[in-house]
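Please look at the sequence and the three-dimensional model shown here. The text after it takes up ring pairs, charged side chains and pockets in turn.

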Amino acid sequence: MTFFSPEFVLAFLAFLIVYWTLKNHIFAQKILILLASYGFMCSINPRFALVLAAYSAFVYFAGMCIARANRVVAKAIPPAKQSSHKKKLSRKAAAKQMSAAKQAGIAKQLPLPTAKARAVMLAAVAGGLFFLAFFKYYGYVREFFNAALAALHLGAVDSVAFPLGISYYVFMSITYFVSVYRRECGEQGFLSLACFLAFFPSVVMGPIGRASAAKGVEPVLPQFDRFKHFGNADEIYVLIIFALVKLLLISGYLGAYYSDVISGVYGDEPESSAAQILAALLLYGVVLYTNFSGFIDMARALGLAMGFKLPQNFNMPYAAKNLGEFWDRWHISLSTFIRDYIYIPLGGSRNGFARTCVNLLIAFALSGIWHGAGLNFLIWGLLHGAALVFLKCLAKVGVKSLNPHLALFCTYIFVSFAWIFFANSLPDAAAILSAFTRARAFGDIGELAVLAVILAGIFVYPKISALKDTLIVLFAELPFLPKALVLGMIFTLIFALMPSGIPNFIYAGF
């Protein structure tokens, strides 16, 4: 079952009716969310639901252990004698001070986390990463694991299925472990935590929700214990339109073109021309972006329909004029996770230029490994890390930035080149690059026209940055009946123009 299947649409509408009927009952809403989330996961594979349930129990137990290890016994200090009038003023002042500290996110009155809590937190994080690594990289540890099973007189396991969403909910659990350790959020009840990890709009495709607030990131976990209000209908409409256009039209047609061209690069004489191969390589990033962000737009729309605000995961990434800006705009929930839980703990930029460069390389190498076990993913991550280090070196010696249009073009070309290793195994990547050098230049003038349109699109794309906000404002100003008519026409046109079938979620395997 996918977000775009008739079964899901009908089930979700029925869910919303019951959900908003219970708007004054947070506990009942959470029960309903949990049932719907596990029902959604079971529709994909019941075993994935069992894996998620087992991991949720581990996260709850680990969070409880971190919280208990973090407790300190405060020494009681007898208050000084004072008049009742002064005591009343002191309480008012204390209340104001506490309120101001809470609003500013300051907790100076809390002691530092304990060493015991740190050890428990690190053990919990290690357990979560081991859980992820076991499923993600089982092919590399199969012999060792089967040897351990043989020692226990148990049968061997040839392969294990990769549970959908595991990369996301493991990272979400890490934000919870660290937040409890830092006292940024309290120990959570099992129901809220289970809903947070299994939340069906985002469990399979993200974005990576946070347990507590971070720089530029709104947390998701606290939202499960708040009363919900429905008031974002126009934004929901626009997100759904964007999701359908990106996924069904752009990703659908361009994805088919990319597959047709790349299938013709193998063999002694490539069937695809160099112009076609170049066009396909330049378009793969568009296919990936429209596919991934299309599903994310739909996930955010579903979340808003339930009163949840999921974090933004994309912000016009191909409008970036340098690689650092690209990562501020691409897969934002992952890039900020890497920043906060890998790069900054390694030292960030606090320990000199050389250490900063090393930290960047480590962070992006781990980002590559997170995406997959193949060497191609490591190369992809290191390419981005090395390019960022190179840009930092240029800035350090005083090299001026490129012209904005040239910078935009160079960033797009580099990102497109790096996608070759992301999308293909090393033998396939080598075959594509080899075919590009051996193939005929172009077959007809139409292939050159496609390249010209792609190059023009690189510079036109940043000009539509305000399109989404503009549409939201326009829909907000339309009366109900004209709005319904416009929406009906848009949806009819999209479904009339779409190719047969719905593209698969490309990032599902990561």
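The following paragraphs go through contacts between side chains and then through pockets. The model is predicted.

We begin with the aromatic rings. Across the whole structure, 51 aromatic pairs are found. One of them joins phenylalanine 3 and phenylalanine 8, whose ring centres are 5.1 Å apart; the planes meet at 40°, so this pair is tilted. Both phenylalanine 3 and phenylalanine 8 are buried.

Another pair is formed by phenylalanine 12 and phenylalanine 200. Here the ring centres are 6.1 Å apart and the planes stand at 70°, so the pair is edge-to-face. This pair links distant parts of the chain, with the two positions 188 residues apart in numbering. Phenylalanine 12 belongs to helix 1 (residues 6-21), while phenylalanine 200 is in the loop between helix 8 (190-198) and helix 9 (233-262). Is phenylalanine 12 buried or exposed? Phenylalanine 12 has a relative accessibility of 9%, and because buried means under 20%, it counts as buried. Phenylalanine 200 is buried too, with a relative accessible area of 4%.

Rings can also have a charged side chain over them in this model, as two cases show. Lysine 136 lies over the face of tryptophan 370, at 4.8 Å from the ring centre. Lysine 396 lies over the face of phenylalanine 353, and its distance from the ring centre is 4.9 Å.

Next come contacts between charged side chains. Side chains of opposite charge can pair when their charged atoms come close. The whole structure holds 10 salt bridges. In one of them, lysine 30 meets aspartate 225, with 2.6 Å from N to O. The two residues are 195 apart in the chain: lysine 30 is in helix 2 (residues 26-44), and aspartate 225 is in the loop between helix 8 and helix 9. Lysine 30 is buried, at 9% relative accessible area, whereas aspartate 225 is partly exposed, at 35%.

A second salt bridge joins arginine 182 to glutamate 184, where the closest N and O atoms are 3.9 Å apart. Arginine 182 is partly exposed, with a relative accessible area of 40%, and glutamate 184 is partly exposed at 41%.

A further salt bridge lies within a helix. Arginine 329 and glutamate 325 have their closest N and O atoms 3.0 Å apart. Both residues are in helix 11, 4 residues apart, which is about one turn of the helix. Arginine 329 counts as buried at 19% relative accessibility, and glutamate 325 counts as partly exposed at 21%. Elsewhere, Arg210, Arg339 and Asp340 are joined into one network by salt bridges that share partners.

The last topic is empty space. Rolling a probe the size of a water molecule over the atoms shows where such space is left. The largest pocket holds about 1000 Å³. Its lining has 36 residues, and those nearest the centre are Lys246, Tyr289, Met316, Tyr461 and Ile464. Helix 10 gives the most to this lining, with 8 residues. By class, the lining of the largest pocket has 23 nonpolar, 7 polar and 6 charged residues.

The second largest pocket holds about 730 Å³. Of its 27 lining residues, Trp327, Asp328, Ser335, Thr336 and Arg339 are the closest to its centre. Helix 12 supplies the largest share of this lining, 7 residues. The lining of the second largest pocket divides into 13 nonpolar, 6 polar and 8 charged residues.

Methods:
Residues are numbered from 1 along each chain as its sequence is written. This is a predicted model: local features need pLDDT of at least 70, side-chain atom pairs count only at pLDDT 80 or more; totals for chains, interfaces and linings use all residues. Side-chain values use heavy atoms; hydrogens and water are left out. Rings of Phe, Tyr and Trp (its six-membered ring) pair if their centres lie within 6.5 Å; planes under 30 degrees apart count as stacked, over 60 as edge-to-face and the rest as tilted. Buried means under 20% relative accessible area, exposed over 50%, partly exposed in between (1.4 Å probe, protein chains only). A charge sits over a ring if NZ of Lys or CZ of Arg is within 6 Å of the ring centre and within 35 degrees of the ring normal. On a 1 Å grid over the protein atoms alone, a cavity is a set of points where a 1.4 Å probe fits but cannot get out, and a pocket is an open set with protein on both sides within 12 Å along at least five of seven lines; lining residues have an atom within 4 Å of a point. Grid points are joined across faces, edges and corners, and a volume is the space filled by probe spheres set on the points. Ala, Val, Leu, Ile, Met, Phe, Trp, Tyr, Cys and Pro count as nonpolar, Asp, Glu, Lys and Arg as charged, and the others, Gly among them, as polar. A salt bridge is a side-chain nitrogen of Lys or Arg within 4 Å of a carboxyl oxygen of Asp or Glu.
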